[in-house]
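Me: Please take a close look at a single helix and its residues, then place that part beside the strands of the model. Give the cut-offs for each term as you go.

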Amino acid sequence: MKKTVGSITIDHVAAAAKVSTATVSRALNRPDTVSTQLKEKINSVIKKLGYIPNAGARSLMLKRSGTIGAIVPTLDNAIFAQGLAEFQRQLNQSGHQLLVASSNYSPEIEANQITNLLTRGVEGIALFGVSQQREALKLLKTRNIPYIHVGSLSAPYNGYASGFDNREAIKLGVQHLLSLGHKHFGILAGITTHNDRARDRVEGVLELLTEKKIQLKADVIVECLYDLHEARLGFKKLLLNNPKITAIICGQDVLALGALLEAQKQGLRIPKDLSIIGFDDLEISRHLLPSLSTIHIDAIGMWAQAANHLISQINGVENLPRKIKANVNLVIRESSSSPLKR
């Protein structure tokens, strides 16, 4: 009877290659201990038979799972999908497998996901931002599990980070609007509770405007979900609270897109009547009409650095940098201009 792929074991490979199972195991797990000729012979048999090594057995032998976890707030946002794709690409080059989980911006869910990943034997974890429960981070420290914070430059407990300063990054957009002559601002932000990135961006805007003697009232700071419908509602609320607003600073491109759509529905001319600035520089932002001025984040580079740093931690490399700064720059497009004189 012909064997199915699932029924093929290391014993079948050893018999076909006319070697011991121990030799096949060494060729798979410690290839440097086997001659090149023998490795090629065994690999040829493996391909012919369609043998797939048992990951559990390999983990027991090497005392390593070969898996790395990543927890992001949501899988709906393109910026996370793009970053995780690069993260996985880097891990693949080192022979690691990626396990992904999402937290829905909840520290409680994230703590549970951390525990779930640990029970699956991950060798390291990438965490997004620094809003985790401190007990969850202590667990990683106690168990000596390598981890790194992505998307921020701060890291509790003297941890590692691959990201950027969200406060300073959004100031690039604010300074651009100030240089154009804007004085009446609104902020359309993400929910700042349990989201250090959203909070830091709001604080960065307020900090720079305060330096320029511009004080914003609470009613022109609107928080909403990263959702087009919610962004449109937030935009309506901003203009209702202060019709004099000439520039809206958005904490994320999805919010800016929602604001742009609602502005156009209301007959406002962008940027003549109102300037809009986004954050993240999603792919769609350059294709909008008008195209969106925004803050570009090198998400691919940031996640690539995080992956390589995490692998280095796992491999016991010493004296690794505590902070890896990602490139950030202002992209000026069509959604921002000088305000009309009123």
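Reply: Helix α3 (residues 36-49) has 14 residues, which at 1.5 Å a residue should span 20 Å, and its end C-alpha atoms are indeed 20 Å apart. The expected span is 1.5 Å times one less than the number of residues. Helices (H or I, at least four residues) and strands (E, at least two) are DSSP runs, numbered from the N terminus.

This is a predicted model, in which local features need pLDDT of at least 70 and side-chain atom pairs count only at pLDDT 80 or more, while totals for chains, interfaces and linings use all residues. Residues are numbered from 1 along each chain as its sequence is written, and side-chain values use heavy atoms, with hydrogens and water left out.

The buried residues of α3 are Ile42, Val45 and Ile46. Because they cover an arc of only 100 degrees around the axis, they sit on the same side of α3; the arc is that of the directions from the helix axis to the C-beta atoms. An α-helix has 3.6 residues a turn, so residues three or four places apart point the same way. Buried means under 20% relative accessible area, exposed over 50%, and partly exposed in between (1.4 Å probe, protein chains only). The face of α3 turned away from the buried side carries the exposed residues Thr36, Gln37, Glu40, Lys47 and Lys48.

Among the elements covering the buried residues of α3 are α1 (10-17) and α2 (21-29), where contact means heavy atoms within 4.5 Å. Just after α3, Gly50 takes a positive phi of about 75 degrees.

Now the strands. An open sheet is formed by six strands in the order β2-β1-β3-β4-β5-β11, with parallel pairing. Two strands pair if DSSP finds at least two bridges between them. At the edges are β2 (97-102) and β11 (323-325), each pairing on one side only. From one strand to the next the twist averages 20 degrees. Six bridges join β1 (residues 67-72) to β2 in the parallel sense, and Val72 stands opposite Ser102 in β2.

Helix α12 (residues 299-314) lies across β1, β3 (125-128), β4 (147-150), β5 (161-163) and β11, at about 165 degrees to β4. Axes are lines fitted to C-alpha atoms, for helices over the stretch in contact, and angles run from 0 to 180 degrees between N-to-C directions.
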